[in-house]
Amino acid sequence: MSEFLGSLPFDRVVVYDTEFTARDGEPVEPICLVATDLITDTTVRLWFDELGSEPPFPTDASTLWCAYNAEAEHSFFLAAGWPLPERALDLFIEFKNLRNQTLPKLQRPKGSSSLVSALAYYGIRHTMSDQKNGIRERCIEGGPFTDNERNEI
């Protein structure tokens with residue numbers, strides 16, 4: 001565990017991403033969740049048929065949940081019938097704040113506030129945006145998913 005993570009007032013720091021189907025006028029349908037506790041280095045991958053009645057990590061004040069666009073991730077929690085995290089850090093909001101206000105105009109990242117743009121700004125290797133868009137479109141179509149599609153998602 002890094003010194004930084006150990007200095008935080010949390011037992012767990014969970015980074016997570018979800019995929020779901022959200023058709024116009026219909027409720028969100030959970031597809032899958034991947035969550036990693038950075039302190040214990042524990043990763044959980046759950047498909048819609050494995051979700052259960054509680055999320056894989058506590059949602060009380062002992063756990064910081066970190067996501068990019070937490071509003072979308074929280075819609076997954078609500079659709080799964082899970083309690084929302086008491087402590088959440090939305091990195092989309094943080095990047096948008098950096099992009100729009102914090103940096104002088106000449107240092108502001110160009111382009112959108114998408115996850116791909118944020119990763120590129122910080123020089124973090126990522127899935128190509130075309131591949132990510134293809135996966136997202138496949139999720140919007142809904143299941144069933146082949147084993148290969150599950151691996152890609």
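Helices (H or I, at least four residues) and strands (E, at least two) are DSSP runs, numbered from the N terminus.

**View 1. The whole chain shows six helices and five strands.** Welcome to a predicted model, in which local features need pLDDT of at least 70 and side-chain atom pairs count only at pLDDT 80 or more, while totals for chains, interfaces and linings use all residues. Residues are numbered from 1 along each chain as its sequence is written, and side-chain values use heavy atoms, with hydrogens and water left out. Following the sequence, you will meet the order α-β-β-β-β-α-β-α-α-α-α. The protein has 153 residues, and 34% of them count as buried (under 20% relative accessible area; exposed is over 50% and partly exposed lies in between, with a 1.4 Å probe and protein chains only). Among contacts (heavy atoms within 4.5 Å) with a separation of 6 or more, 48% are between residues 24 or more positions apart.

**View 2. Strand β1 pairs with β2 and with β4.** Here we look at β1, residues 12-21, where seven of the ten residues are buried. Two strands pair if DSSP finds at least two bridges between them. With β2 (residues 29-37), β1 runs antiparallel over eight bridges, and E19 sits opposite C32 of β2. With β4 (residues 63-67), β1 runs parallel and shares four bridges; R12 has T63 as its bridge partner in β4.

**View 3. E73 in helix α2 meets T18 through its side chain.** Helix α2 spans residues 70-80 and includes E73. Is E73 buried or exposed? E73 counts as buried because its relative accessible area is 4%. The side chains of E73 and T18 make a polar contact of 2.3 Å (a pair of N or O atoms within 3.5 Å; within protein, one must be able to donate a hydrogen and the other to accept it, and residues adjacent in sequence count only if both atoms are side-chain atoms). Beyond neighbours within four places in sequence, E73 touches Y16, D17, T18, A67 and Y68.

**View 4. Y121, Y122 and I124 form a nonpolar surface patch.** This patch covers about 310 Å². Patches consist of residues with over 30% relative accessible area and no salt bridge, with nonpolar side chains (Val, Leu, Ile, Met, Phe, Trp, Tyr) joined within 5 Å and like charges within 9 Å. A salt bridge is a side-chain nitrogen of Lys or Arg within 4 Å of a carboxyl oxygen of Asp or Glu. Y121 belongs to helix α4, residues 115-121, and counts as partly exposed because its relative accessibility is 34%.

Notes. Areas by Shrake-Rupley, 256 points an atom, 1.4 Å probe, with all protein chains shown as cover.
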